[in-house]
Amino acid sequence: MIRAREQSVGSSNLICVKARGAVGGHGASMRENSVRSIAATLTVRQLFAIDAIGAAVTAAMLGVVLPALEPYLGMPPRVLVPLCFVALGFAVYSSVCFALRASPRWLLVIAAANAAYCLCTLTLVVVLSSTLTPLGVAYFLGESVLILGLVALEVHVASRERVRVAPP
């Protein structure tokens, strides 16, 4: 983002321009700023709700939709069903944390679990690459990217909140 402001110096006005984000190939700092700007508006409780809804949708996809699409995706139901139960467990955990207004440290637990789920899913994509179709690979890679984005938000918000409630 580029911000301009006018500054008076003597009898002339100067325009100061301040650039933020990806200038000169600094894509990582732009992504970091994006995570920070999104995370700045989210609370721990909102992230538990987002996580619970996302995990429930994932469980429904893994348990109902994707097995019916096996010929198009190539992921066997014997793999999808266990992943479905893991997603259901995450949905229950996040729902309980949401209801109990859990502390930020519990957000780090689901963030670590989500990251482990992505690692497991990506490992399955590699191991089963001979049976997966390009659509199947795209689905599971896309799912992992979305979940890892959520993990980044969860870690950032949990870290921010833990600092805020830490004793002096």
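**Helix α2 and its neighbours**

Let's start with a pair of helices: α2 and helix α4 (residues 77–100) pack with their axes 8 Å apart, at an angle of about 160 degrees. An angle over 145 degrees counts as roughly antiparallel, so α2 is roughly antiparallel to α4. Keep in mind that this is a predicted model. Helix α2 also packs against helix α5 (residues 104–127), and both pairings are unpacked below.

**The whole protein**

- The protein has six helices and two strands.
- If you walk along the sequence, the order you meet them in is β-β-α-α-α-α-α-α.
- The protein has 168 residues, and 30% of them are buried.
- Take the contacts in the protein with a separation of 6 or more: 69% of them link residues 24 or more positions apart.
- The accessible surface adds up to about 10200 Å², and carbon and sulfur atoms own 69% of that surface.

**α2 with α4**

- When α2 passes α4, the crossing is left-handed.
- What sort of residues make up this contact? They split into 20 nonpolar, four polar and two charged.

**α2 with α5**

- Helix α2 covers residues 44–68, and its axis lies 10 Å from the axis of α5, at an angle of about 30 degrees.
- Angles under 35 degrees count as roughly parallel, which means α2 and α5 are roughly parallel.
- Here too, α2 makes a left-handed crossing as it passes α5.
- On the α2 side, the contact is made by Val44, Leu47, Phe48, Asp51, Thr58 and Leu62.
- On the α5 side, look for Pro104, Trp106, Leu107, Ile110, Asn114 and Tyr117.
- Sort the residues of this contact by type and you get nine nonpolar, two polar and one charged.

**One residue to find: Gln46**

- Gln46 sits in helix α2.
- Is Gln46 buried, partly exposed or exposed? Its relative accessibility is 37%, and since buried means under 20% and exposed means over 50%, Gln46 counts as partly exposed.
- Gln46 and Phe98 are 52 residues apart along the chain, yet their C-alpha atoms are separated by 7.8 Å.

How values were computed: Residues numbered from 1 in each chain as written. Predicted model: local features only at pLDDT ≥ 70, side-chain atom pairs only at ≥ 80, totals over all residues. Heavy atoms only, no water. Helix = DSSP H or I, 4+ residues; strand = E, 2+ residues; numbered from the N terminus. Buried < 20%, exposed > 50% of the residue type's maximum accessible area, 1.4 Å probe, protein only. Contact = heavy atoms within 4.5 Å. Areas by Shrake-Rupley, 256 points an atom, 1.4 Å probe, with all protein chains shown as cover. Axes fitted to C-alpha atoms, helices over the stretch in contact; angles between N-to-C directions. Parallel < 35°, antiparallel > 145°, perpendicular 65-115°, else oblique. Left-handed = near helix turned anticlockwise from the far one by under 90°. Nonpolar A, V, L, I, M, F, W, Y, C, P; charged D, E, K, R; others polar.
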